[in-house]
2 protein chains.
Amino acid sequence: MPKAKSIHIENVVASVTLNQRLDLNLIAERLPNTEFDPDQFPGLVLRLEQPKTATLIFNSGKMVCTGSKSEKDAVKAVKKIVESLREVGIDIKNEPIIQVQNIVASANLGIEINLEEAAFLLENTMYEPEQFPGLIYRMRDPKVVILLFGSGKLVCTGAKREEDVYTAVDKVMEILMEKGIIRE
Amino acid sequence: MPKAKSIHIENVVASVTLNQRLDLNLIAERLPNTEFDPDQFPGLVLRLEQPKTATLIFNSGKMVCTGSKSEKDAVKAVKKIVESLREVGIDIKNEPIIQVQNIVASANLGIEINLEEAAFLLENTMYEPEQFPGLIYRMRDPKVVILLFGSGKLVCTGAKREEDVYTAVDKVMEILMEKGIIRE
DNA sequence: AAGGTTTAAATGATATATAAATATTTAGTT
DNA sequence: AACTAAATATTTATATATCATTTAAACCTT
């Protein structure tokens, strides 16, 4: 059975519900590292250095945390933000409900791929090199999108669980071998 | 005969004639829940909570009642407004003449529709998905406009009577089946 | 060496389009 | 100058895109 040489979680996006409305102007005033321009976008942007993330905060009390390298770090970032808000006197009444919405990962199959051939032999594929150098492969189970590159490197996005990333990468590698697109 | 799964009247617009001129500044002073900014728009806006409506009142004594969920509620709203005006000392001499001008309804056909195909097979149709996701179908009898969506949901607007909504929805469903765009 | 190309996902406001009455101003056309 | 047409505002369902955020891959153009 083929084994991908390396898989890295590159980005985790999580949605958060606080179940209470927030005064974004107040938050912008009291917390540094925030950007808030409601004419441009309704969410306030809060950047953390550790874990390195950018979180969008909405007046509905919902948030979107992006940029963390693991589900754990996303949770850590959200807890840190809630703590910061409480420290500056913004009363957060409930514990945040956190849901991972998307995981982006990169992997290296360790073998070059003929994308022209792959596009011809695989289903659910899009490959337009003058538009984008990667082949876009939509996997139904797990439901993810894989960007395959000629170098043998790939990007997997759309996963809801870290486990799905590993399953998807194993699966795409098996399919590529079955179809004879790569052999090892 | 096909039956639409659900039809809801979403909005009724009615015009009203009182046959006497009105002092909108006086009304704005004496009634709460009113907005009046003649530089912006010549009509005064009066919002009712029950039935939930927004009514435009003009100095000509004409009004436009919007937002009610039935013809009956539109009449109820107008009567309530006339009563309110009389209560604050504004003498309304005649009974209001009320005419339903537009009824907006939504329905769910319960089956997905290929709009590309529908646009090709139907007449009096406009479909430009990058401008608007719905297909616009102009029915001559009853004279209504139907916005058809890929989900099988639709919006019917332009009807003058509630009955016309039901007729129009039945008719569009029959036409879609006749042309083989949907089958059930 | 930057920045643009593509993919996924959530957030919420606004825009797109439909019909209808009402009245006022402004813009554009004869 | 007289005329028409559109924008101003109200409501409502429907469903898309946009705005901004993050991240990797590799290829293109500045």
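Chain A is divided into domain 1 (14-100) and domain 2 (109-178), where the bounds come from an automatic or database domain assignment, and the C-alpha centres of these two domains of chain A lie 33 Å apart. Before I go on, please keep in mind that this is a predicted model, in which local features need pLDDT of at least 70 and side-chain atom pairs count only at pLDDT 80 or more, while totals for chains, interfaces and linings use all residues. Residues are numbered from 1 along each chain as its sequence is written, chains are lettered from A and ligands numbered from 1 in the order in which they are written, and side-chain values use heavy atoms, with hydrogens and water left out.

Let me stay with chain A and turn to its interior. The largest nonpolar core has 32 residues, and those that touch the most other members are A:Ile113, A:Ile146, A:Leu148, A:Leu154 and A:Leu176. By a nonpolar core I mean a set of buried Ala, Val, Leu, Ile, Met, Phe, Trp, Tyr and Cys residues joined through side-chain atoms within 4.5 Å, and buried means under 20% relative accessible area, with exposed over 50% and partly exposed in between, using a 1.4 Å probe and protein chains only. At least two residues of this core come from each of strand E1 (6-17), strand E6 (97-108), helix H3 (115-121), strand E8 (135-139), strand E9 (144-148), strand E10 (153-159) and helix H4 (162-178) of chain A; helices (H or I, at least four residues) and strands (E, at least two) are DSSP runs, numbered from the N terminus. H4(A) supplies the largest share, seven residues. Where does this core lie with respect to domain 1 and domain 2 of chain A? Both domains give residues to the core, so it lies between them.

One member deserves a closer look. A:Leu154 sits in strand E10 of chain A and is buried, at 2% relative accessibility. Its C-alpha atom is separated by 9.8 Å from that of A:Ile136, 18 residues apart along the chain.

Now to the cysteines. With a disulfide taken as a pair of cysteine sulfur atoms within 2.5 Å, the structure holds zero disulfides over all chains. Why is A:Cys65 not bonded to A:Cys156? The closest cysteine sulfur to that of A:Cys65 is in A:Cys156, and because it is 19 Å away, it is too far for a bond. A:Cys65 is buried at 0% relative accessibility, and A:Cys156 is buried with a relative accessible area of 0%.

Next, the DNA, beginning with strand C. There are 43 residues around DNA strand C, and the closest are A:Ser60, A:Arg138, B:Ser60, B:Gln131 and B:Arg138; a residue is near a strand if one of its heavy atoms lies within 4 Å of it. Of the atoms of DNA strand C that come within 4 Å of the protein, sugar and phosphate account for 65%. Three side chains illustrate this with phosphate oxygens of DNA strand C: an N or O atom of A:Arg138 is 2.3 Å from one, a polar atom of B:Ser60 lies 2.4 Å from one, and an N or O atom of B:Gln131 is 2.6 Å from one. By class, the surface near DNA strand C has 22 nonpolar, 13 polar and eight charged residues, where Ala, Val, Leu, Ile, Met, Phe, Trp, Tyr, Cys and Pro count as nonpolar, Asp, Glu, Lys and Arg as charged, and the others, Gly among them, as polar.

For DNA strand D, 40 residues are around the strand, and A:Arg47, A:Ser151, B:Asn11, B:Arg47 and B:Ser151 come nearest. Sugar or phosphate makes up 66% of the atoms of DNA strand D within 4 Å of the protein, the rest belonging to bases. A polar side-chain atom of A:Thr66 lies 2.9 Å from a sugar or linking oxygen of DNA strand D, whereas phosphate oxygens of that strand are 2.8 Å from a polar side-chain atom of B:Gln40 and 3.0 Å from a side-chain N or O atom of B:Lys52. The surface near DNA strand D divides into 20 nonpolar, 10 polar and 10 charged residues.

I will end with some backbone details. In chain B, the peptide bond from B:Gln50 to B:Pro51 is cis, with omega near -5 degrees, and B:Asp141 and B:Pro142 are also joined by a cis peptide bond, with omega about -5 degrees. B:Pro142 is in the loop between strand E8 (135-139) and strand E9 (144-148) of chain B. A:Asn19, a residue other than glycine, has a positive phi near 60 degrees and is exposed, with a relative accessible area of 56%. B:Asn124 has a positive phi near 55 degrees and counts as partly exposed at 45% relative accessibility.

Note on methods
Polar contact = N/O pair within 3.5 Å; in protein donor to acceptor, adjacent residues only side chain to side chain.
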